[in-house]
Amino acid sequence: MSQSKSQFDFNDRYGVKPERAWVKYAVIFGIVGGGWLLWAGLHHANPEIRTELISFITQDPRNPEIRYSLQRASGDDVVVCTLTARDFEKNVVGQIEDTISAGDTYLERTIAIPTRADAVNARIESCRVLP
């Protein structure tokens, strides 16, 4: 062994060079993840249908009324909304499908939901565009 070297290093002896292999994987992950995040944000920021429950009235527990608003991207779309009424134990006691024909892009509706038992609340389960 030579006296000129003060320390023995196995990495120099076997030709191992320090690499930062994780950097290229981090950059690839960042580009793909950032692209997906941008797409998901833009896609879900402008949904085809937006609904909002305004109120529900259970004065007649066998026929609760639900008032909701609907905003759709295109007035040419026919939309079907599923509305449900639930009892005190959160069981579904009534369910109807409200079909909204083509027309205005924003509208408010008030619908009565017939039930088989006394209902304490009502909600919008889902809305979808008919093909």
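Buried means under 20% relative accessible area and exposed over 50%, with partly exposed in between (1.4 Å probe, protein chains only). The structure is a predicted model: local features need pLDDT of at least 70, side-chain atom pairs count only at pLDDT 80 or more, and totals for chains, interfaces and linings use all residues. Residues are numbered from 1 along each chain as its sequence is written, and side-chain values use heavy atoms, with hydrogens and water left out.

**Exercise 1.** State which secondary-structure elements the protein chain has and in what order they come.

Solution. Helices (H or I, at least four residues) and strands (E, at least two) are taken as DSSP runs, numbered from the N terminus. The protein chain has two helices and six strands. Read along the sequence, the pattern is α-α-β-β-β-β-β-β.

**Exercise 2.** Set the radius of gyration of the protein chain against that of a compact globule, then describe burial and contacts.

Solution. Step one is the rule: 2.2 Å times the number of residues to the power 0.38, with the radius of gyration taken over C-alpha atoms. For 131 residues a compact globule would have a value near 14 Å, whereas the protein chain has 30 Å. Step two is the extent: the C-alpha trace spans about 100 × 40 × 25 Å along its principal axes. Step three is burial: 24% of the 131 residues are buried. Step four uses contacts (heavy atoms within 4.5 Å). Of the contacts with a separation of 6 or more, 62% are between residues 24 or more positions apart.

**Exercise 3.** Work out which parts of the chain the salt bridge between E108 and R67 ties together, and how accessible each partner is.

Solution. Side chains of opposite charge can pair when their charged atoms come close. A salt bridge is a side-chain nitrogen of Lys or Arg within 4 Å of a carboxyl oxygen of Asp or Glu. By this rule the count is six salt bridges. In one of them the side chains of E108 and R67 meet at 2.7 Å, N to O. E108 belongs to strand β5 (residues 106-112) and R67 to strand β2 (residues 65-72), so the pair ties together parts that are 41 residues apart in sequence. E108 is partly exposed, at a relative accessible area of 41%. R67 is partly exposed too, at 35% relative accessibility.

**Exercise 4.** Determine whether each partner in the salt bridge of D98 with R109 is buried or partly exposed.

Solution. The closest N and O atoms of D98 and R109 are 2.8 Å apart. D98 sits in strand β4 (residues 92-100) and R109 in strand β5, eleven residues apart, and the pair links distant parts of the chain. D98 counts as buried because its relative accessibility is 7%. R109, with a relative accessible area of 24%, is partly exposed.

**Exercise 5.** Name the residues linked in a network with E125.

Solution. Start from the pair E125 and R123, whose closest N and O atoms are 3.4 Å apart in a salt bridge. E125 is partly exposed at 32% relative accessibility, and R123 is partly exposed at 40%. Adding R86 completes the network of salt bridges: R86, R123 and E125.

**Exercise 6.** Locate A102 and list what A102 touches.

Solution. A102 lies in the loop between β4 and β5. At 44% relative accessibility, A102 counts as partly exposed. Leaving out residues up to four places away in sequence, A102 touches R72, G75, D76, D77 and V78. For V78, the C-alpha to C-alpha distance to A102 is 5.1 Å, with their positions 24 residues apart in sequence.
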